[in-house]
Amino acid sequence: MIKCITCKRFSLPIICKKCQKLLLKPNLSTRTLPDGFKIYSFYKYSDIEDLLKTKHTYLGSFVYTILAKNSFKHFAKNFSFSNSVYALAIDDHVRYGYSHTAILTKALKSPSIKPCFNTLKSQNSISYSGKSLDYRLKHPRDFIYTFKRDIDVILVDDIVTTTTTILEAKSVVKKHGAKPIFALTLADAKNL
Ligand SMILES: [Zn+2]
């Protein structure tokens, strides 16, 4: 990489140190679902929209690695819990040679968090991008959970919009005897 994709100045990382400092300082927001379950997000979707859209290209793996370093990694450093917990990437299928949810989940690795992959996969690959809540409800992800019972779990996704994906993931994990304690997403797109 030669130029920062944000300010176009010379930079080796694809987002220069200065832009990371200015744009990627996380500002944690919380959504509480009716049952009390919490979804924490590090950024507002509109603040990093252009960066998030790189996930539809190969550049996304570099951008998501930097986003994860500034948010998820930082979170993991300050997180402690009575037990060790597992972080599960929601639907970490690989496109363009990487999985964006796997990159985020990996950044949570710490003495108290164990990242896990390929444990919560969707059986359909319909894109929800720009789709209505009604559409999303009519086309569930049909997740399959293939991991341990009796564990505490953090659910990881990149964007939370209507919460349908997280709700579905949460219910599948619970049905198989594991306990989702909260969800972490990179960006909240509440006002889309
Ligand atoms: Zn820059």
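## A tour from Tyr40 to the core

Start by selecting Tyr40: it has 17 C-beta neighbours inside 10 Å, so it counts as partly exposed. Being buried would take 20 or more. Keep in mind throughout that this is a predicted model.

**Stop 1: around Tyr40.** Colour residues 38-44. This is strand β2, and Tyr40 sits in it. Now show the contacts of Tyr40, leaving aside neighbours within four places in sequence: Leu28, Thr30, Phe182 and Leu184. One of these, Thr30, is also the bridge partner of Tyr40.

**Stop 2: the hairpin.** Add residues 29-32, strand β1. β1 and β2 pair in the antiparallel sense, over four bridges. Together they form a hairpin, with five residues between the strands. Select Gly36 in that turn: its phi is positive, about 95 degrees.

**Stop 3: a long step along the chain.** Draw a distance from the C-alpha of Tyr40 to the C-alpha of Ala169. It reads 15 Å, for two residues 129 apart along the chain. Ala169 leads to the next selection, since Leu155 has Ala169 among its contacts.

**Stop 4: the core.** Select Leu155. Beyond its neighbours within four places in sequence, Leu155 is in contact with Leu88, Ile90, Ile166, Ala169, Lys170, Pro180 and Ala183. Next, look at the largest nonpolar core, which has 46 residues. Leu88, Leu155 and Val156 have the most contacts inside it. Which strand gives the most to this core? Colour residues 152-160: strand β7 does, with six residues.

**Stop 5: the parallel pair.** From Leu88, widen the selection to residues 85-89, strand β3. Then add residues 113-116, strand β4. The two strands run parallel and are joined by four bridges. Pick out Tyr86 and you will find Lys114 of β4 opposite. Trace the chain from β3 to β4: it passes through helix α5, residues 100-106, in a right-handed β-α-β crossover.

**Stop 6: helix α3.** Select residues 60-70. Which residues of this helix are buried? They are Gly60, Val63, Tyr64, Leu67 and Ala68. Look down the axis: these residues cover an arc of only 135 degrees, so they lie on the same side of α3. Finally, show what covers them. The cover includes α2 (49-52), α4 (72-77), α5 and β8 (179-188). You have already met α5, in the crossover from β3 to β4.

Key. Residues are numbered from 1 along each chain as its sequence is written. This is a predicted model: local features need pLDDT of at least 70, side-chain atom pairs count only at pLDDT 80 or more; totals for chains, interfaces and linings use all residues. Two strands pair if DSSP finds at least two bridges between them. A crossover is right-handed if, with the strands pointing away from the viewer, the path from the first strand over the helix to the second runs clockwise. A residue is buried if 20 or more other C-beta atoms lie within 10 Å of its own, exposed if 12 or fewer, and partly exposed in between; C-beta atoms are placed from the backbone. The arc is that of the directions from the helix axis to the C-beta atoms. Two residues are in contact if their C-beta atoms, placed from the backbone, lie within 7 Å. A nonpolar core is a set of buried Ala, Val, Leu, Ile, Met, Phe, Trp, Tyr and Cys residues joined through C-beta atoms within 7 Å.
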